[in-house]
Amino acid sequence: MSEILQALSDLKPDEVAIPIHICRPEGWAKLQTLLSDFQQTFVKARNFTGEAGQRLRLPDVNGVIEQVLFGAGSQKNDVLGPIRLGGLSAHLPKGFYRVETLPEDWDADLCPVGWGLGAYKFEVYLPEETHFPVLCLDMDAKAVAEAVSLTDAVHYGRDLINLPAGDLGPAALHQATLDLAQKFDAEVSEIIGEALLKQNYPMIHAVGRAAHEAPRLIEFEWGNPEHPRLALVGKGITFDTGGLNIKGASGARIMKKDRGGAAHALALAEMIMANDLPIRLHCLVAIAENAISAGAYRPGDILTSREGLTVEIDNTDAEGRLVLGDALCKAAELDPVLMIDFATLTGAARVALGPTIPPFFCNRKNVVEAVMQYADAQHDPVWPMPLWQPYMSLLHSPIADMKNAGGSFAGSVTAALFLERFVKERPWMHFDVYGWNPTSGPGHPKGGDMFAIRALYHWLKAGGLQSDFSA
Ligand code: BES
Ligand code: MN
Ligand code: ZN
């Protein structure tokens, strides 16, 4: 459990929370008048103006830190909102703090999450642990618990991406899934190795069969069966070499992140379960290492999928859509109200939108706008992309129902169209996440990261599954 957020009322009598004043350049003049003469001189000498990301610790005349100033930048073009607070929590020394002043347009409820997102460092392999500052919250216990759970879930998902593939192979990702299921008393089902063939998951098997650790489909179900059923599906390629169509050095360098979709599905599942949302949850993690050995699947092979469609392998590096195809097919068999998959599926998604806005595909137009609104409100952006049916022709194979790669045009669209063949026309959303920050930004440290799941959590909490999915 995260120790970076707590209720203000939990402070011990001898502990004091240092007030933080967050302001924009527009509001700085007014805030300045509330400071002592000494402090006014101090801030002027240090050029604090409220520009985005400015941090200043204000001492009293004895040199003891009394207040903190933080710049929110101009309101115009502020896409980060309170997530920017992550740029403060990442840098303040340990101690207790509270938000005293904030820009009028900021949603105060998002401050704890912004703080929590910044207070993260992957240090499993480092000798010393960072002690992040604690934000004290003037909120009821339930709101504090929710903020803690959302922060913990994001940190958990980031860890699942940041762990090296040598320590998080198929068996370890399997175990991580079991651990989460057990924590919330979910019912687990495990299909491993040859059993994938017996139980008809040929594509998951083919992708993972060359690896040292067997491929597997791990599922759990949680919640009241009377509640609407939601399926979360994650691409869990623990490392993507590209297979026989091997990647180059720079492409392979960050392919431990190819279990990023699984990390997203598990982290969103954790948010849902920790907050007891009225949902019958079905989480499916399709796990394989796309490795190279004598047993590897080959370009030109034809696989018969669980759905029955035959797929000609054009490129063994387009493996994510194969494991997801079988997993989505299974999810659809149980007739969920909605399926959501997450996958680090294409380099083309990154070319189209860069690393931090995941392309979002949905086969029901009615719900796209609402999800976008939640994404905006939570400062967790997503961007809609078209399931442009004419591009299905790019996946044409003369000797099978389709091939698995569509060439250089619209790569994230053809990947999504491929997946759509496996959802049995059920309501479905697909997020082609990058799962990784190439550089650090406020609330988004370098390395593994979660996208879209806070937006989806809030959409689901507000009754998203009751939407009209008819069109
Ligand atoms: N895991 C990759 C996608 C990826 C690559 C994500 C780089 C982020 C950065 C996926 O399995 C893949 O290799 N996709 C290929 C598909 C192509 C062969 C049709 C790609 O995008 O190049
Ligand atoms: Mn690949
Ligand atoms: Zn991949």
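Is Lys-247 buried, partly exposed or exposed, and what is its relative accessibility? In this predicted model, Lys-247 has a relative accessibility of 22% and therefore counts as partly exposed, the cut-off for a buried residue being under 20%. The overall architecture is described before the salt bridges, among them that of Lys-247.

The protein chain comprises 15 helices and 19 strands. Its radius of gyration is 24 Å, close to the 23 Å given by the globule rule for 471 residues, so the chain is as compact as a globular protein of that length. The C-alpha trace extends over about 80 × 50 × 45 Å along the principal axes. Of the 471 residues, 58% are buried. Among contacts with a separation of 6 or more, 76% are accounted for by residues 24 or more positions apart. The chain exposes about 19,500 Å², of which 52% is supplied by carbon and sulfur atoms. With regard to charge, there are 40 positive and 57 negative charges, and their mean positions lie 5 Å apart.

Across the whole structure, 18 salt bridges were found. One of them joins the side chains of Arg-280 and Glu-187, with an N to O distance of 3.8 Å. This pair links distant parts of the chain, since Arg-280 lies in strand S10 (residues 280–290) and Glu-187 in strand S7 (residues 187–192), 93 residues apart. Arg-280 counts as buried at 8% relative accessibility, whereas Glu-187 is partly exposed, with a relative accessible area of 48%.

A salt bridge is also formed between the side chains of Lys-247 and Asp-317, at 2.9 Å from N to O. Both partners are located in loops: Lys-247 between strand S9 (229–240) and helix H9 (249–253), and Asp-317 between strand S12 (310–312) and helix H11 (320–333). The two residues are 70 residues apart and link distant parts of the chain. Asp-317 is partly exposed, with a relative accessible area of 23%, and Lys-247 likewise counts as partly exposed.

In a further salt bridge, the closest N and O atoms of Arg-306 and Glu-333 are 2.8 Å apart. Here Arg-306 occupies the loop between strand S11 (302–304) and S12, while Glu-333 belongs to helix H11; the partners are separated by 27 residues. Arg-306 is buried, with a relative accessible area of 18%, and Glu-333 is partly exposed at 37%. Finally, Arg-24, Asp-78 and Asp-105 are joined into one network by salt bridges that share partners.

Notes:
Residues are numbered from 1 along each chain as its sequence is written. Chains are lettered from A and ligands numbered from 1 in the order in which they are written. Side-chain values use heavy atoms; hydrogens and water are left out. Helices (H or I, at least four residues) and strands (E, at least two) are DSSP runs, numbered from the N terminus. The radius of gyration is taken over C-alpha atoms; the globule rule is 2.2 Å times the number of residues to the power 0.38. Buried means under 20% relative accessible area, exposed over 50%, partly exposed in between (1.4 Å probe, protein chains only). Contact means heavy atoms within 4.5 Å. Accessible areas come from the Shrake-Rupley method with a 1.4 Å probe; for residues, only the protein chains shown count as cover. Lys and Arg count as positive and Asp and Glu as negative; His and the chain ends are not counted. The place of a charge is taken as NZ of Lys, CZ of Arg, CG of Asp or CD of Glu. A salt bridge is a side-chain nitrogen of Lys or Arg within 4 Å of a carboxyl oxygen of Asp or Glu.
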